[in-house]
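Let us walk through this structure one piece at a time. Keep the sequence beside you as you read.

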Amino acid sequence: MKKIISLLVVATVLLTVQFQIYAAVRSNSAASIKLVTANKSSFTIVISKTAPASTRLAAEELQNYIAKTTGAKLAISNRPSGSGKSIFLGNNAALPKKQRFDSDSYKAEKYAIFNWQGNLVIMGGEPNVDPLRSTAGNFGLLYGVYDFIEKYLGTRWYAPGKLGECIDSQATIVVDNLPLTYQPSYSYRTLWPRTTEEATSKASLLWLRRLKAYGSKPNNINHSLDAFSYEHRDSPEIFALDGRGQRIMGKCTVTQRNGKNIYKWTKYPQLCLTSPKLVDLLVKAINGWYANGGERERGTFYRTPHSENYIYLSFADNFGLNPCHGPKCSKIIAQPNGFSNLVWKFTAEVARRLKKDQPGKIVSTLAYNRYAEPPSRKIKIPDNVSVRICVRPPIIYFGAKAYRDKSSKIIQGWSERVSDISFWQYHVNFGGSSIYPVDVPHIIQKFYKRYQGKASSTFFQPGSGHSKSKSTYVIKNLPREIINTTFTLRSLWNPDYDADVELSRFYLLFFGPAADKMKEYYKARLAAWENMTGKTLKSGNAVSGDLSATVIFKQIYPFALVKKLDKQIRAARQQTPAGSIYRQRIDWFIKKLHEPFYKLSEAYFKDNNNRELMLPESPVAPVIDGKLTDKAWQKTEKIAFFNTSGPVAPTYPTSFKAIVKNNILYLAVEAVDPHSDNQRLNAVKQDDAAYFDDSVELFVVPNPKQPKKYYQAVINLNNIIFDAYNDKTRKLSDIKWSSGIRSATKKLKGKWQMELAVPLKNFGIKKFAAETEIGFNICRNKKSGVGENHEASQWVPTSGNFHRTDAFGTLVGGRQPFFVKAFDKTNANYPGARYSHKYKAQNRAGATINKATFKPGNISCIVKDGKLIINATFLPVRDIVDRISFRPAKMTSIPVGDKTRMQIKVKSSIPSIQFLLGYSYEDINGKKCTDYIKIRTAEANEWLVKSFDLRDDGQYAPKRAKTNQRFGIPKTFKGMTIYISGHKFTKNTPFKFEIDYIKLY
């Protein structure tokens, strides 16, 4: 272990020599200061008796990290020691009465470090503000100390607490290149959320303070008009009109905390920006705030209180999707760039009024969503307006030139219209549920260096989510966010550093003896993101772009790369001593980020996305009343939706049933909706934009060989229909086409149901008979609740855009099945099940495995209640693969004629398990045909109906097609074998697998 530490010290010292962090005024004329020699120091840390909390924290932090780095603990005193030298922090009576020794002369976080008569002096602002709160202020002295600790001691903080604290052990500390002065590049450097899931609020805030977050000039714009809206509900004319002519006043509960109203919105209000009264009331309220007016004026801006410099003006998140339908607003919105014109005309009017009433103050607002781009040149923006540009897409897209250029064009356009711009930068898409690793340190540094001196501040947002243990939003997956968060704060403080050198320091300090292995691991991750191309992302609207699962799992992170990353991180783990902090960190990464991502990637790789549903003619048709109690639905399979981004269960479960009768497709949809009291339902007439509402979307492709010609129908929960025929070959979208759909919706507490009758003749399908194939998908738009509760889900995940017709599933007209395997209603043991292991020659450490050590897990295979049930226990051994195989009895040598389609209904207790169905048949020419299908259930303990063609959908069917060796028409079905494989379990894992039926059509 001593050898490892020695190597770390040598490598770190080499890094420190070449590490150029500061663009500062330096002079080599002043003698260097030997602060610590051979683990000893004669220096005392000196602060004033009346030093504020920020200075006392600075002294304690300096004392602490010198001790941790060298073993020398310096005393903290109010006056210099008679026998040694001093480190003066801030104002002190012992210092000369000159400006450079006066901390009050250092403004806007500027600090200085210099040599005075052999003493070390650190000067900067000393605000009388609690530094362990997320408060902006002139913390120049404290940040100067943190810069000193980073530069001369080599310390880094990559996460809160001991897990993220990295000490660069040294016996001697020499402080040279003095004097050093610096002032941060961006005056405001903050983020949301400010708490991590792994740490307390206090520990998280200290971590961010050490990273020099927050800044000196607060500019917190978000949601400034929410409470104003609540307090002025007695003026309904200032609120927007929805499509039904009702005022969008929002819904919220109000509680008291410390004498202030706390508003919790379940549905955001929206304002009518062409209402003259709105301008009058808003200007009056803002003037009242600054005049310390009545209780109403003081309380109305509780959430984002205006600052000395900035007046905040912003709207609710879903303003762009929930606009005013009043005649004046609608007329403006209908024009080119209408949303921007509406918002900025209103903003300009408010700013002109406040320029007279509040001279010297800046009206700060957001360029966000559908009003992200500058308005028409006809709209003159006053010089007292500051714009925070919500940079969409997230910064992870900036590896692709098309996206980078689009965002840069928006930024450039605003910089030409206003003198003060800033950023709201997203690291990943809102919600943080995505678990794919993202690292773009070079892009982050280049972005903030590019706009250094051009933009004043940045508010950035790492991946967030609601904590299970805390009643608040947190940084949800810190292992994913470490590099992007720390590099963003470093770049906002001073972007003039070498990103590669800082990355090398991260690998060395954070992973210790595993540094080289983790460097290779990160090198692959960085290359995946920072070298993206427009082709990779299929560039479209760069302002609202999104990453699809197809891009993530097929282009950026193909499964071959993910398996390589798995080997690298596990090899790195083996390089760390058991129980060491380095092992803890890698285990943390594996548990929180790598393993969930690996499982999701594996699930996507195993899912062939070839969903097919066979629909034989139903004997009865349901009544369309939304009740789902008809006899027609009782024996129809319930089919689960997936998340749009990939083959994983959505947060809000949805399912559907489908039957056909007399060329009419009947659908029954059930959807969980805990926010059903606050659904968005703006569409009120035929062909209104129902897709912005809580709704169901249907897509039908009459000819799957022509996927660019298709029909779309959207039905909201008030049964308002938008429908259109689309022909992408001609860029045609005909909304005059009518689907003729009949619908009925029943809203229940916490969920809703919908029934649909879809006349297929109106969709270009003359008769949906046996062997008819049509492309099909059914989707859900969940728009209820506030923005973070929204979700898109589908039967077949299209990876982002619903209109990806090439990814649709297939509806097949089915004959009544020739063969149905409905298992006998007995409790007898079922023959033929077998449990086995597939061994690797050696385990991960290289040792040979003794196969005799491993005994098969418990297994039973029975038939009960008409279902075949497998129960087994997978073993907790990483280097073997558990496998169950069996052949359903009475399925061999069955004459089947020309039946080529098979359907199986299965359920698994572990959704990511690998399930292979092998089959063989003899064709009419006497040739034996053998292949297999991959199947994976969508979620635990939910039934999946899987349909496929024996000839064309097997694993090797594409290869056969290329060589013109397609399977022949079946004559005799010879049998099937089902393989269930599990691996990488860390404990004994019970597993249950069920088959309800197997049909052949």
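Start with helix α5, residues 201-210. Of its 10 residues, 7 are buried, so the rest of the structure largely encloses this helix. The buried residues are Ser204, Leu205, Leu206, Trp207, Leu208, Arg209 and Arg210. Two arginines, Arg209 and Arg210, are thus on the buried list. What covers these residues? The cover of the buried part of α5 includes the helices α2 (53-70), α3 and α13 (478-493). It also includes the strands β7 (156-157), β11 (188-191) and β12 (214-215). After α5 comes Lys212, with a positive phi near 65°.

Now step back to the whole chain. This is a predicted model. The protein chain has 1001 residues, and 58% of them count as buried. It holds 21 helices and 47 strands. Consider the contacts with a sequence separation of 6 or more: 73% of them join residues 24 or more positions apart.

Next, the interior. The largest nonpolar core has 167 residues. Ile87, Leu89, Trp414, Tyr522, Trp529 and Tyr557 touch the most other members. Helix α3 (residues 140-153) supplies the largest share of this core, with 9 residues. A second core, separate from this one, has 39 residues. Among them are Leu681, Leu717, Phe776 and Trp795.

Return to Tyr522 in the largest core. Which residues does Tyr522 touch, leaving out those up to four places away in sequence? They are Asp439, Ile483, Phe506, Tyr507, Phe511 and Phe589.

Helix α12 (residues 441-450) is another enclosed element. Here 7 of the 10 residues are buried, so the rest of the structure largely encloses α12. Pro441, His442, Ile443, Ile444, Gln445, Phe447 and Tyr448 are the buried ones.

One partner of α12 is helix α14 (residues 499-511). The two pack at an angle of about 140°, and their axes are 10 Å apart. That angle makes α12 oblique to α14. The crossing is right-handed. On the α12 side, Pro441, His442 and Gln445 make the contact. On the α14 side, Ala499, Asp500 and Leu503 do so. By class, the contact residues of α12 and α14 are 3 nonpolar, 2 polar and 1 charged. Pro441, His442 and Gln445 also appear among the buried residues of α12.

A second helix pair is α7 (residues 276-290) with α10 (residues 338-357). Their axes come within 10 Å and cross at roughly 40°. The two helices are therefore oblique to each other. This crossing, too, is right-handed. From α7, the contact uses Leu278, Val279, Asp280, Leu282, Val283, Ile286 and Asn287. From α10, it uses Phe346, Glu349, Val350, Arg353, Leu354 and Asp357. The contact residues of α7 and α10 comprise 8 nonpolar, 1 polar and 4 charged.

Finish in a loop. Thr37 is found between β1 (33-36) and β2 (44-46). Is Thr37 buried or exposed? Its relative accessibility is 43%, so Thr37 counts as partly exposed. Now compare sequence with space. Thr37 and Val174 are 137 residues apart in sequence, while their C-alpha atoms are 8.3 Å apart. Thr37 is in contact with Ala171 and Thr172, leaving aside neighbours within four places in sequence.

Terms used: Residues numbered from 1 in each chain as written. Predicted model: local features only at pLDDT ≥ 70, side-chain atom pairs only at ≥ 80, totals over all residues. Heavy atoms only, no water. Core = buried A, V, L, I, M, F, W, Y, C linked by side-chain atoms within 4.5 Å. Buried < 20%, exposed > 50% of the residue type's maximum accessible area, 1.4 Å probe, protein only. Helix = DSSP H or I, 4+ residues; strand = E, 2+ residues; numbered from the N terminus. Contact = heavy atoms within 4.5 Å. Axes fitted to C-alpha atoms, helices over the stretch in contact; angles between N-to-C directions. Parallel < 35°, antiparallel > 145°, perpendicular 65-115°, else oblique. Left-handed = near helix turned anticlockwise from the far one by under 90°. Nonpolar A, V, L, I, M, F, W, Y, C, P; charged D, E, K, R; others polar.
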